[in-house]
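Hello,

Here is the structure I promised to pass on. Please open it first and then read the notes underneath.

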Amino acid sequence: MDAIPFLNLEFQHKQIRQAVSEKMMTVYDENRFTLGNEVINFEKDWAAYIGTPHCVGVGNGLDALTLSLLACGVSSGDEVIVPAHTFFATWLAVTRCGAKPIPVDATHHTFNINTEKIAERVTAKTRVIVPVHLYGQACDMTRIMDIAEKNGVLVVEDNAQAHGARWLQQRTGGFGVANATSFYPTKNLGALGDGGAITIFDHEKADFLRRARHYGMSERDVFPDRGLNSRLDEIQAAILRVKLAMLDEWNALRRELADRYLQTLSGVGDLILPLSEKEAYHVYHLFVIRSQKRDALRIWLEKYGIGSLIHYPVPPHLQPAYSEFGFQKGSFPVAESIAETALSLPLWPGMTLDQVDFISEQISKFFR
Ligand SMILES: *Cc1c(COP(=O)(O)O)cnc(C)c1O
């Protein structure tokens, strides 16, 4: 069997090559490269897909999160509840607003925020809860929306890893007041460069965000707010529109591959396999297994040309950037244990079931 890279976009890109090149040339010929019709149309498509009345395209996921929090009025002195186990950018958005991240530990079986532990972290300073739908699986949004409502705080979803995922019948990114996502090339819906978007319910926040991504400008040379420069490019919006039409199909392929992994890895060694909750339509942005022998397993797989990655080896609370908060090792034991045991296996649309079987065989062999 040939080497199996962790991620390969060839299959997806072959399918849409013609459509993408035509779109790129259209943008080229129209000579409009920011905030034109492609962005407006993609925003309409993405809002309709997620199920919110408004969408604002921005430059990347980190800015989408930061701007969403700003739209909720988050500023210095505020507290924002975040998962202890997430990508660093979730926390970075909070501290960029001058607010303090208040971590809540993960659950072992879903990797997502432990909803049992959210309410106890709410204080008078709490403004927002940021659930992250990690690895493609929705958090328990029934619980989270209920906790937020009872405590008078807002919800901003980090939907960077869960394009197309659902909790019950509703798509993730369609629960909170303003929800951020990233179209970084490796995400389920990826641009050919950076991109991001915010899906929003209320009109005023949408207007604020349209200004805020564009210096805080309301009309030429009029600046009611101090904004950022974080625009989604026309060319990326055009490409995203082509790819959005394929997203459900590609997610279905991801699910098929994940099912095969779950069958072939069941009962192998000390593996803990990802659990898909019955209310969640999991879109497997990543397929993450856990083992106490993770590091040795990773080297073993490398020997057979199988790529794997760790998402994420050091949780944000233990990163040097956040040493000022004084979090100690041991403060979020589940997140720390995930960091020590998690291993992401190859999974991308176009990967074959034979490749999954080969990987599972090598893993079984490792444990024998
Ligand atoms: C990718 C990602 C981001 C950041 O998105 P960028 O576009 O890279 O800024 C934020 N949160 C999560 C959970 C992500 O996976």
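The notes below cover the nonpolar cores and one pair of helices.

This is a predicted model, in which local features need pLDDT of at least 70, side-chain atom pairs count only at pLDDT 80 or more, and totals for chains, interfaces and linings use all residues. Residues are numbered from 1 along each chain as its sequence is written, and side-chain values use heavy atoms, leaving out hydrogens and water.

The largest nonpolar core has 27 residues (a core is a set of buried Ala, Val, Leu, Ile, Met, Phe, Trp, Tyr and Cys residues joined through side-chain atoms within 4.5 Å; buried means under 20% relative accessible area, with a 1.4 Å probe and protein chains only). Among those with the most contacts inside this core are Leu69, Val74 and Val130. Helix 4 (61-71) and helix 7 (203-212) are among the elements that give it two or more residues (helices are DSSP runs of H or I, at least four residues, numbered from the N terminus). Helix 4 provides the largest share, 5 residues.

A second, separate core of 24 residues includes Ala258, Tyr261, Ile289 and Phe358.

The axes of helix 4 and helix 7 come within 10 Å and cross at roughly 130° (axes are lines fitted to C-alpha atoms over the stretch in contact, and angles run from 0 to 180 degrees between N-to-C directions). Helix 4 is therefore oblique to helix 7 (neither under 35 degrees, nor over 145, nor 65 to 115). In this pair, Leu67, Ser68, Leu70 and Ala71 of helix 4 meet Lys205, Phe208, Leu209 and Ala212 of helix 7 (contact means heavy atoms within 4.5 Å).

Regards

Key: Buried < 20%, exposed > 50% of the residue type's maximum accessible area, 1.4 Å probe, protein only.
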